[in-house]
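Q: I am new to this structure and would like to learn how to read its features one at a time. Could you take me through them slowly?

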Amino acid sequence: MELLLDILTVLGILLLLIVLRSLRRDHIRVEHSVSWLAAAVALIALSRSGPVLVRLSGYLDLKEPAITLLFLILIVFLGVFYRFSRAISELKDMNITLTQRVAILEYKLQRQNEEQQAKH
């Protein structure tokens with residue numbers, strides 16, 4: 001169990017470093033990095049808090065604290081993925097609206113050019 005918790009701590013630290021590096025190089029926006037940073041800190045904190053995990057295991061009726069931690073990680077990352085799915089869906093809708101507006105503007109410009117050529 002201790003080895004798994006140590007591995008999860010290392011993974012949390014790696015996630016934290018990767019997010020900070022991506023943030024510094026402008027590969028990720030600040031508002032998107034907050035979710036990942038919170039998930040990394042939660043992963044590190046929970047993997048290092050043995051008594052809390054044992055207590056949570058008792059509440060969840062799970063025998064191993066490491067399984068409890070994996071369960072909590074799953075819940076946290078499902079929340080992060082859901083948040084990004086909503087953002088992607090919103091961006092897709094905005095992209096469709098923008099494409100339709102550009103098409104309408106192109107049509108109006110083309111029609112205006114045809115009317116001007118007809119007058120000359």
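A: Let us begin with a single residue, keeping in mind that this is a predicted model. Pro51 has a relative accessibility of 68% and therefore counts as exposed, since the cut-off for that word is over 50%. Pro51 is found in helix H3, and its C-alpha atom is separated by 9.0 Å from that of Pro65, which stands 14 residues apart from it along the chain.

Q: How does one read the way two helices meet, and at what angle do the axes of H3 and H4 cross?

A: One looks at the axes first and at the residues in contact afterwards. The axes of helix H3 (residues 50–60) and H4 come within 8 Å and cross at roughly 80°, so H3 and H4 are roughly perpendicular to each other. On the H3 side the contact involves Leu53, Val54, Leu56, Ser57 and Leu60, which meet Pro65, Thr68, Leu69, Phe71 and Leu72 in H4.

Q: How can the length of a helix be checked, and what span should the 18 residues of helix H2 have?

A: The idea is to set the expected span beside the distance between the end C-alpha atoms. For helix H2 (residues 30–47), a rise of 1.5 Å a residue gives an expected span of 26 Å, and the end C-alpha atoms are 25 Å apart, which agrees. H1, with 23 residues, reaches 33 Å from its first C-alpha to its last, close to the 33 Å expected at 1.5 Å a residue. After H1 comes Asp26, whose phi is positive, near 60°.

Q: Which residues of H1 and of H2 are buried, and what covers them?

A: Here one lists the buried positions of each helix and then asks what they touch. In H1 the buried residues are Leu5, Leu8, Thr9, Gly12, Leu15 and Val19, and they pack against H2, H3 and H4. In H2 they are Ser33, Ser35, Trp36, Leu37, Ala39, Ala40, Leu43 and Ser47, and what covers them includes helix H1 (2–24) and helix H4 (65–119).

Q: How is a pair of aromatic rings described, and how many aromatic pairs are there here?

A: Such a pair is described by the distance between the ring centres and the angle between the ring planes. In this model the count comes to four aromatic pairs. One of them joins Trp36 and Phe81, which are edge-to-face, at 6.0 Å centre to centre with 65° between the planes. Because Trp36 lies in helix H2 and Phe81 in helix H4, this pair ties together parts that are 45 residues apart in sequence. The rings of Phe77 and Phe81 have their centres 6.4 Å apart and their planes at 40°, so that pair is tilted. Phe77 and Phe81 both lie in helix H4, four residues apart, about one turn of the helix.

Q: Are Trp36, Phe77 and Phe81 buried or exposed, and which residues do the ring pairs link into a cluster?

A: Trp36 is buried, with a relative accessible area of 18%, and Phe77, at 16% relative accessibility, counts as buried too, whereas Phe81, at 45%, counts as partly exposed. Ring pairs link Trp36, Phe77, Phe81 and Phe84 into a cluster. As for Phe84, Arg83 lies over the face of its ring, at 5.8 Å from the ring centre.

Notes:
Residues numbered from 1 in each chain as written. Predicted model: local features only at pLDDT ≥ 70, side-chain atom pairs only at ≥ 80, totals over all residues. Heavy atoms only, no water. Expected span 1.5 Å × (residues − 1). Buried < 20%, exposed > 50% of the residue type's maximum accessible area, 1.4 Å probe, protein only. Contact = heavy atoms within 4.5 Å. Phe/Tyr/Trp six-rings, centres within 6.5 Å; stacked < 30°, edge-to-face > 60°. Lys NZ or Arg CZ within 6 Å of the ring centre and 35° of its normal. Axes fitted to C-alpha atoms, helices over the stretch in contact; angles between N-to-C directions. Parallel < 35°, antiparallel > 145°, perpendicular 65-115°, else oblique.
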